[in-house]
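Here's a quick walk through the features worth a look before you set anything up with this one. Have the viewer open as you read.

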Amino acid sequence: MLSRREFFQYSTALLSLTSMPTLLKARQNIRRYSLAAGFSSSSFSDDGVMTELWLYNQQTPGPLLVAKRGEILEVEFHNNLQEPTTIHWHGIRNLNEMDGVPGLTQQAIEPGDSFTYRFPVNDPGTFWYHAHNKAWEQVARGLYGPLIILDDNEEFENPFDQVIVIDDWLINSAEQIDEKSFGNLGHWSHGGRLGNALTINGKFSPELKIPSNGEVKLRFINTSNARIMDLELNDKIPMKVVSVDGSSCTPFNLTRMKIGPAQRIDVIIDDAKTLSSLLEVSSGEEFFAAKFFPSIQSTKQSKLHNGSKPYYKKPQEIPARLIEVHMQGGAMGNLANAIFEGERRELRDLALNDSKLWAFNQQIGGYDLNLADINLGETVLLRVWNDTAWFHAMHLHGQHFWVESNEFGDVSRPLLRDTYLMKPGEKADLIFLADNPGVWLFHCHMLEHHASGMGGVISVF
Ligand code: C2O
Ligand code: CU
């Protein structure tokens with residue numbers, strides 16, 4: 001006789017074989033790319049100054065990878081760095097062994113070694129990939145790139161559809177990466193490593209070609225370590241949000257868009273003719289981020305994908321399983337001490353000796369902090385309390401969750417996201433269907449916060 005749990009696992013295992021036949025289909029198209037991480041340099045402007053970076057295929061951002069929903073993405077990766085690395089496919093509801101978390105889902109790829117990432121891509125939308133070993137340094141040095149999964153009948157056609165990768169670099173007066181500040185406890189205990197140089201698609205204030213009339217789609221990706229961006233267009237032109245973190249949503253208009261680290265927002269602008277500039281306004285001043293430059297006349301009906309559904313509906317039977325996460329720590333916080341490697345210690349001691357500053361439920365987080373064991377197929381209510389003085393961009397690997405989002409002005413909206421930007425003091429319920437087996441990281445995407453304790457694992461089997 002099988003126990004209820006065993007039976008459940010047995011039947012869902014069968015289910016997942018029938019519902020995920022993607023790896024078994026012989027004629028499934030394989031989209032192949034190769035990426036190499038290595039030392040390189042790039043110029044952020046036309047002044048000829050080269051900045052030494054760590055890049056994929058010597059490009060910043062890394063190459064745009066495009067695949068169609070239902071295909072298999074195969075990326076042959078080679079590590080030319082002098083330290084181990086991995087690639088995480090941010091937002092992809094991935095096979096666990098392809099998720100790229102070193103020491104949790106795979107061994108780190110050593111210098112000189114290769115690894116082939118191979119997984120089905122079933123969700124259309126805007127994603128990105130980035131290094132996940134010492135991400136606070138490897139991403140800050142440039143190891144990331146955009147990834148677009150196209151829907152059936154969708155075409156990716158620049159300039160009607162374009163990717164806008166926004167980064168915020170911390171550089172010195174010689175325009176080189178400020179290396180001395182890596183590991184700076186001030187950054188780690190406050191808002192993370194904030195930069196002093198903003199790039200759009202790897203350039204300072206570039207000119208972006210757009211069509212001279214008709215609709216244009218802009219896919220924003222915030223790849224910065226910690227900077228929350230506030231974006232506006234010239235004359236506060238409304239941006240129609242059609243997708244967040246890859247998944248389509250009920251469209252809504254914004255004149256100012258808040259986009260946290262690792263988040264993506266796709267917008268449609270009705271008439272490209274009105275567009276002239278992109279501004280970043282989080283400092284209270286208008287920073288000129290990019291200029292739009294009309295290039296070609298739009299002749300045909302646009303094929304911009306617009307108006308499909310979220311990846312899945314908000315689950316009805318809630319709460320099935322409650323996981324509570326009480327986040328504490330950092331500067332100006334209320335965490336006096338926490339458990340680290342089995343021992344309760346004062347926060348000051350943890351900060352000075354181990355660079356640990358943040359806790360989930362009084363435990364300094366890490367890959368060894370298991371937050372819950374969940375049965376495959378269960379609905380989970382992840383109840384998160386940001387009991388700190390800081391914003392946090394909470395990211396769940398392997399699945400998207402529903403959240404009543406308070407990120408955009410006064411109205412709250414139900415959104416399906418993979419990264420949710422939480423205000424200081426905010427409590428949020430992240431609701432998801434745990435239909436993807438594996439060990440999945442849940443962490444703050446302000447990469448310094450993650451490194452100093454803000455993360456844990458949810459096990460789904
Ligand atoms: Cu963008 Cu743990 O990842
Ligand atoms: Cu954080």
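Let's begin at the metal, keeping in mind that this is a predicted model. Three residues coordinate the copper ion (ligand 2): His392 through ND1, Cys444 through SG and His449 through ND1, at 2.0 to 2.1 Å. Along the sequence, the spacing of these donor residues reads H-x51-C-x4-H. His392 sits in strand S27 (residues 392–396) while Cys444 belongs to strand S32 (residues 438–444), so this pair ties together parts that are 52 residues apart in sequence. Both His392 and Cys444 are buried. For Cys444 the relative accessibility is 0%.

S27 also has a strand partner: it pairs with S30 in the antiparallel sense over 4 bridges. In that pairing, Ala393 stands opposite Leu421 of S30. Strand S30 (residues 419–422) points Thr419 and Leu421 one way and Tyr420 and Met422 the other way, with all of them buried.

While we're on cysteines, how many disulfides does a search of the whole structure find? The count is 0. Cys249 counts as buried too, because its relative accessibility is 10%, under the 20% cut-off.

**An enclosed strand**

Now for strand S13 (residues 229–233). Here 5 of the 5 residues are buried, so the strand is largely enclosed by the rest of the structure. Which residues cover its two faces? Met229, Leu231 and Leu233 are on one side, Asp230 and Glu232 are on the other, and all are buried. So the acidic residues Asp230 and Glu232 share one buried side.

S13 has pairings to two strands you can pick out. With strand S16 (residues 256–259), it pairs in the antiparallel sense over 4 bridges, and there Glu232 has Arg256 as its bridge partner. With strand S18 (residues 277–280), the pairing is again antiparallel, over 3 bridges, and Leu233 stands opposite Leu278.

**Rings**

On to the aromatics: the structure holds 15 aromatic pairs. A pair of aromatic rings is described by the distance of the centres and the angle of the planes. Two of the pairs, along with two contacts between a charge and a ring, are set out here.

| Contact | Kind | Geometry |
|---|---|---|
| Phe44 and Phe204 | tilted aromatic pair | 5.2 Å centre to centre, 45° between the planes |
| Trp89 and Tyr129 | tilted aromatic pair | 5.6 Å centre to centre, 35° between the planes |
| Arg193 and Phe182 | charged end over the ring | 4.0 Å from the ring centre |
| Arg413 and Phe252 | charged end over the ring | 3.9 Å from the ring centre |

Phe44 lies in the loop between strand S1 (30–42) and strand S2 (51–56), and Phe204 in the loop between strand S10 (197–200) and strand S11 (207–210), so their pair ties together parts that are 160 residues apart in sequence. Phe44 is buried, with a relative accessible area of 0%, whereas Phe204 counts as partly exposed at 26% relative accessibility.

The pair of Trp89 and Tyr129 links distant parts of the chain as well: Trp89 is in strand S5 (residues 87–90) and Tyr129 in strand S7 (residues 125–131), 40 residues apart. Trp89 is buried at a relative accessible area of 0%, and Tyr129 counts as buried at 0% too. Both rings belong to one aromatic cluster, made up of Tyr56, Phe77, Trp89, Phe115, Tyr117, Phe119 and Tyr129.

**Backbone oddities**

Last, a few spots to check in the backbone. Most residues other than glycine have a negative phi, and most peptide bonds are trans. The peptide bond from Thr60 to Pro61 is cis, with omega near -15°, and Pro61 is in the loop between S2 and strand S3 (65–68). Another cis bond joins Asn158 and Pro159, with omega about 5°; Pro159 is in the loop between strand S8 (144–150) and strand S9 (161–169).

As for phi, Glu175 has a positive value of about 60° although it is not a glycine. Glu175 lies in the loop between S9 and helix H3 (185–189) and is buried, with a relative accessible area of 16%. Ser355 has a positive phi of about 55°, and it isn't a glycine either. Ser355 is in the loop between helix H4 (347–354) and strand S23 (358–360) and counts as partly exposed at 26% relative accessibility.

Methods: Residues are numbered from 1 along each chain as its sequence is written. Chains are lettered from A and ligands numbered from 1 in the order in which they are written. This is a predicted model: local features need pLDDT of at least 70, side-chain atom pairs count only at pLDDT 80 or more; totals for chains, interfaces and linings use all residues. Side-chain values use heavy atoms; hydrogens and water are left out. Donors are N, O and S atoms within 2.8 Å of the metal (3.2 Å for Na, K and Ca); water is not among the atoms, so sites may look incomplete. Buried means under 20% relative accessible area, exposed over 50%, partly exposed in between (1.4 Å probe, protein chains only). Two strands pair if DSSP finds at least two bridges between them. A disulfide is a pair of cysteine sulfur atoms within 2.5 Å. Rings of Phe, Tyr and Trp (its six-membered ring) pair if their centres lie within 6.5 Å; planes under 30 degrees apart count as stacked, over 60 as edge-to-face and the rest as tilted. A charge sits over a ring if NZ of Lys or CZ of Arg is within 6 Å of the ring centre and within 35 degrees of the ring normal.
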